Amino acid sequence: MKILHTADWHLGQKFFHRNREQEHKAALDWLVQYIQEEQIELLVVAGDIFDADNPPNYARKLYFNFLKKLVPTCCEDIVIVAGNHDSANMLDASKELFKLLNVHVIGHIAEDRNRQIIEIKGNDDHLKAVVGAVPYLRDKDIRKSIAGESSEQREESLRIGIQQHYKEIETELKAYQTANVPIIVTGHLYAAGGERQDRPNSIHIGSLGIIGAESFSEDFDYVALGHLHRVQQIDKERPIWYSGALIPLDFSELNYAQVVCLIEFEERKIVRRKSIKVPLKRKLRTYKGTLEEIKEKLENLDTNVILDTWLRIIVETDHHSPNLSSDLEEIISDKPAEIMILKESNSNNGLWNNEPNEGLQSLQDLEEIEVFRRCAQQKGNILDEQMEDLESSFKELLGWMQERDLE
């Protein structure tokens, strides 16, 4: 049994007003090709298919066309669960139709946990694998709010609720223990031990339900996780893996490996697990140094690229240069590159921003997250790693408010 695990596509994401359609289409086309070449039988997508709960039409089209291309291939089954960025309602809207094509979608959790158990069967109807499909577990789905509770009490209650849900999934999967087929469970959450931005064991702000590897039963043969964008194993003794994101979503993820995870089973034993690098059509680069060093790097910029290179530049100087942006833009005027972020850093660690997109004044031109970024910048200097955590919290709060409006 060959299984491919992926997550965190974030279709529809905008990067400083530029959409990622070409990058995502190329990655998904490659994914279809790889699935055919490797003869993958089951694809598991562990959440965050989309970047927002109301994705643009082109993002939905990418999603539907990807599934359409996979239907006639060797990949007989696809399991998709919602992430915290997804609209569970939107994903569930087409689940009954998709079920006819062996595309199994779980947006919301079911009151009957057995409905989250997906049997993967061959053409002769014999059982090949079983999946406990667990999407992102929202606060309101797994616990009741209590008036006056503290944040610590809420966090503990949420953690207990998540653990209880996996216990219930474990109970439903007990019946398959003797079938001698792989038992796979999904999750879109922060598991203790996961790393972000080279910061071991950092708390994923905005997602309080932190659980440990012990919350996943020893009876689970593989746990396919999404939410953290770096490929990693949570427990060296257990097959509990994040697959990482399909493409780098911002400059903080430049050092992450964009991969998908191949897992091959013989009965219930993993005989091969491999991280497969996703070929990227666009490069993101961060250059930091003196003005002379930056100019040299821009002069020698690689021009043999498919899509324009997006640049984040930090110039180390003690003197603010009002013409810096135009000077650097002139160097790359004939090159396939664009400066997305430009900052000057003085010796006292102060920053002056010279971002090309600072000129937009109308709120109608800005996404909610960009309005948030600008408000945050006005509050003073914020480190990149702090900003990423703040943005994560804001996005989750925004998603919660949008869900409430829909209700």
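## The β-α-β unit

Strand S4, helix H2 and strand S5 form a β-α-β unit, and the unit is right-handed. This comes from a predicted model. S4 covers residues 42-46, H2 covers residues 57-70, and S5 covers residues 77-81. S4 and S5 run parallel and are joined by 5 bridges. Within this pairing, Leu42 stands opposite Asp77 of S5.

S4 also pairs with strand S1, residues 2-6. Here 4 bridges join the two strands, again in a parallel arrangement. Leu4 has Leu43 of S4 as its bridge partner.

## Strand S4 and its two faces

S4 is mostly covered, with 5 of its 5 residues buried. Which residues point which way from S4? Leu42, Val44 and Ala46 point one way. Leu43 and Val45 point the other way. Residues on both sides are buried. In a regular strand, side chains alternate between the two faces of the sheet.

## Helix H2

How far apart are the end C-alpha atoms of H2? They are 20 Å apart. H2 has 14 residues, and at 1.5 Å a residue it should span 20 Å, so the model agrees with the expected value.

The buried residues of H2 are Tyr58, Ala59, Leu62, Tyr63, Phe66, Leu67 and Leu70. One of them, Tyr63, is also in contact with Ile49.

## Ile49, between strand and helix

Ile49 sits in the loop that runs between S4 and H2. Is this residue buried or exposed? Its relative accessible area is 0%, so Ile49 is buried.

Sequence neighbours within four places are set aside for its contacts. Ile49 then touches Trp9, His10, Leu11, Tyr63, Ile80, Val81, Asp86 and Leu91. Ile80 and Val81 fall in S5, residues 77-81. Ser87 is 38 residues from Ile49 along the chain, and their C-alpha atoms are separated by 9.6 Å.

## Salt bridges

The whole structure holds 20 salt bridges. One of them joins Lys25 to Asp29, with the closest N and O atoms 2.8 Å apart. Both residues lie in helix H1, residues 21-38. They are 4 residues apart, about one turn of the helix. Lys25 has 41% relative accessibility, so it counts as partly exposed. Asp29, at 28%, also counts as partly exposed.

Another pair is Lys121 and Glu119. Their closest N and O atoms are 3.3 Å apart. Lys121 is partly exposed at 33% relative accessibility. Glu119 is partly exposed at 34%.

## A link across the chain, and a network

Asp219 forms a salt bridge with Lys174, and the closest N and O atoms are 2.9 Å apart. This pair links distant parts of the chain, 45 residues apart. Asp219 is in the loop between strand S9 (183-188) and strand S10 (222-226). Lys174 is in the loop between helix H6 (151-173) and S9. Why does Asp219 count as partly exposed? Its relative accessibility is 22%, and the buried class is reserved for values under 20%. Lys174 is partly exposed as well, at 43% relative accessibility.

Salt bridges also form a network. Its members are Lys2, Glu38, Glu264 and Arg272. Lys2 falls in S1, residues 2-6, the strand that pairs with S4. Glu38 falls in H1, residues 21-38.

Methods
Residues numbered from 1 in each chain as written. Predicted model: local features only at pLDDT ≥ 70, side-chain atom pairs only at ≥ 80, totals over all residues. Heavy atoms only, no water. Buried < 20%, exposed > 50% of the residue type's maximum accessible area, 1.4 Å probe, protein only. Pairing = 2+ DSSP bridges. Right-handed = clockwise from strand over helix to strand, strands pointing away. Expected span 1.5 Å × (residues − 1). Contact = heavy atoms within 4.5 Å. Salt bridge = Lys/Arg side-chain N within 4 Å of Asp/Glu carboxyl O.
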